[in-house]
Amino acid sequence: MGSSAAASRRSTPIEHTATTSILPNAKDFRVDSMHIHSFQHVHNALDNRIDGWKMLLKNVASNALHDSSARFDAPKCDEDTRVEVTKELMDWIQDHEAPQRLLCMTGAAGAGKSAIQQTIAEECSNSNTLGSAFFFSAGDPTRNDLTYIVPTIACQLGLHHFALRDTIAKAVEKNPLIFKKKIKVQMETLVVAPFKRVCASGELDRSTVPHAILIDGLDECAGEENQVELLSMIKHCLLDNDLPFRIFIASRPEWAIRSALCSEPEGYLYQLAYHVPLSDKYDATADIRRYLWRKLQDIGRRSHDRRGQSRLWPTKEDVEKLVAAASGQFVYAATVVKYVSERRSSPVDRLRTIIDWTPEGGQQTRPLELLDILYRKILSTAKELYEAVDTNRGRDFLLLVRAHQMNSDCRITGVIRSAHNYDEVIGLGDGDHQVLFSDLHSLVFFRQDPTYTTVWEELRFYHRSFSEFLNSEFRAQRLFVSEARVRQYVVESCLQKLLQQEDFSGDWSFNRIVDILHGFSNQNIYVDDLRLIDFTRNNGWGGIDERLSSHMDRFKVWSGLARFTFHAIQRLKDELHEDELSDIVKSYFDKWKEKYEKYGFA
């Protein structure tokens, strides 16, 4: 039916020519009720017909293709690297009997997801199994939202078979406003219905169609709601229909894909997707080591520096330092290689700059700037999303993240390993750290310990370099929060907890707060003037006294508070000239000192 219709359209211009040629001298004549003049141009219906394929091409993001010229320097797995994971992915793509038709690969920022996706796209293209590919990019307006993804997929699929292409073109001609519809409607109209139609007509053998649909960088698609809409469309249009396509999505483990794949509560893709958590499942250390050796030696051989041309460069010690700093993430190694390969400089000197570089060293070079741009982008986005939520009550996102990071690095006195318990100390609700870090899952994760009877999670960093980034004002720039500010905030939070005794979850919290106050007193960390005054006026010291009276280990608590209390007395009297308040604190100090002198404390 499609073929005869096409033949009919092709014959139209010929019939038109024959008809007009038999009336060479006609000046005026009627066709039905329409009066035609000889000087009036006669349009055939074909001249005004919408060309559906041309309309489709106008709505395609050519930059998103795996072999687009806009992606001339696209990351790709180096020789002999990521062999195991690429084999697993290709085996899945080629296995038509595998139960899941969707594979989701998640991994930390810089883990090498796009390089793997590019490698898979090229292998599928070479084996004629690549149906379509779409590479999202936050910095490219043609591929940072959902506007062009369905037309781009439809176009690539149509190019594989003339009948499918013709049917897709007809769908556009029938509904020229399709590109303004929701992507679910677009997918049904431009892909699902045309594919079913040509298969049912016998014009297309579904077993021979290139069936791999690759989507890279879901997290680069702007807006969580758009990411959710795309995943939902894939489920309802491609998975819920009997289609031969196998869809491979790569993304950072951000909320949209994380919630869809989670087991508890069960996400809507949990049963349907084959999940490959790249950062957890595959240790890239050996691949990174191999990559660095090969790339650095190649750079050295091509340089004009004889030191770089030597077989002794780079040294094993230097490579191992780089491997350790990479923390299993390819982005660090790739950043090192890009920096060292600058042809106007010595690779030996530039490598030494990276290895010896410290933010405190006074250097003006930025060897990790490409990596820092990535960190600043992710952190800024997470900050905006967190602080835009009313229920977060104006909390300072960067300050809280830094407080958790310093605690995980054991730089908070009285360190609390459990993130749940630390939430309580710094004024967050139970489990609020999960909300705080919900948009940073590509950089951090929480290690759980099932041996604990209560929920126990410890903050861990995928990249050691990200923790170092947070420590450096030179690297973090406007996102930097000083240690002094964090320590002051933690002390003030502890005092606030002491004013709200009803919030204590047993002696454990009280002990920890005392430990923190004791440690910060030794480091001369003081609270804000108004906070200290407010704490004293609101019977904070009296609350401590009540707590001491019922505490099992009174001496330990008192000895921990002594130095902090002594400093508070001096500050209220000598610096703030609040003699009355100073006397209040001194009365408690003297009471506790006399009461516990029998334990040997003076």
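**Cores, rings and odd backbone spots in a predicted model**

Student: This is a predicted model, so let's start inside. Which residues touch the most other members of the largest nonpolar core?
Tutor: That core has 89 residues. Its top three for touching other members are Leu-292, Leu-440 and Trp-541.

Student: And which helix gives this core its largest share?
Tutor: The largest share comes to eight residues. They sit in a helix spanning residues 330-340, namely α14.

Student: Which residues does Leu-440 contact, leaving aside its neighbours within four places in sequence?
Tutor: Leu-440 is one of the residues that touch the most other core members. With those sequence neighbours set aside, its contacts are Glu-254, Ile-378, Leu-379, Ala-382, Phe-397 and Val-401.

Student: How many residues are in the second, separate core?
Tutor: Among its members are Cys-104, Val-191, Leu-238 and Ile-257. The whole second core comes to 52 residues.

Student: Cys-124 and Cys-221 caught my eye; is Cys-124 buried or exposed?
Tutor: Buried means under 20% relative accessible area. Cys-221 has 1%, so it is buried. Cys-124 has 0%, so it also counts as buried.

Student: How many disulfides are there, then?
Tutor: For a disulfide, two cysteine sulfur atoms have to lie within 2.5 Å. By that rule, the count is zero.

Student: Over to the rings: is the Phe-461 and Phe-466 pair stacked, edge-to-face or tilted?
Tutor: There are 14 aromatic pairs in the count, and here is one of them. The centres of Phe-461 and Phe-466 are 5.8 Å apart, with planes at 45°. Stacked needs under 30 degrees and edge-to-face needs over 60, so this pair is tilted.

Student: Which residues form one aromatic cluster with Phe-461 and Phe-466?
Tutor: Both of those rings are buried, Phe-461 at 18% relative accessibility and Phe-466 at 1%. The cluster they belong to also holds Tyr-375 and Phe-469.

Student: What about Trp-541 and Phe-564: how many residues apart are they?
Tutor: Their ring centres are 6.1 Å apart and the planes meet at 35°, so this pair is tilted. Trp-541 is in helix α25 (residues 540-550) and Phe-564 is in helix α26 (residues 554-575), so the pair links distant parts of the chain. Trp-541 is buried at 1%, as is Phe-564 at 8%. The separation in sequence is 23 residues.

Student: Which arginine lies over the face of Trp-92?
Tutor: Arg-350 lies over a different ring, Tyr-339, at 3.9 Å from the ring centre. Over Trp-92, at 4.6 Å from the ring centre, lies Arg-246.

Student: Backbone next: where is Pro-265 found?
Tutor: Most peptide bonds are trans. The bond joining Glu-264 and Pro-265 is cis, with omega about -10°. Pro-265 is in the loop between α9 (255-261) and β7 (273-277).

Student: What is omega for the cis bond between Trp-313 and Pro-314?
Tutor: Pro-314 lies in the loop between α12 (306-309) and α13 (316-326). For the cis peptide bond joining Trp-313 and Pro-314, omega is about -5°.

Student: Last one: Arg-82 has a positive phi, and so does Asn-128. Is Asn-128 buried or exposed?
Tutor: Arg-82, with phi near 55°, is in the loop between α2 (52-58) and α3 (83-94) and is buried at 5%. Asn-128, with phi near 60°, is in the loop between α4 (113-126) and β4 (130-135). At 52% relative accessibility, Asn-128 counts as exposed.

Key. Residues numbered from 1 in each chain as written. Predicted model: local features only at pLDDT ≥ 70, side-chain atom pairs only at ≥ 80, totals over all residues. Heavy atoms only, no water. Core = buried A, V, L, I, M, F, W, Y, C linked by side-chain atoms within 4.5 Å. Buried < 20%, exposed > 50% of the residue type's maximum accessible area, 1.4 Å probe, protein only. Helix = DSSP H or I, 4+ residues; strand = E, 2+ residues; numbered from the N terminus. Contact = heavy atoms within 4.5 Å. Phe/Tyr/Trp six-rings, centres within 6.5 Å; stacked < 30°, edge-to-face > 60°. Lys NZ or Arg CZ within 6 Å of the ring centre and 35° of its normal.
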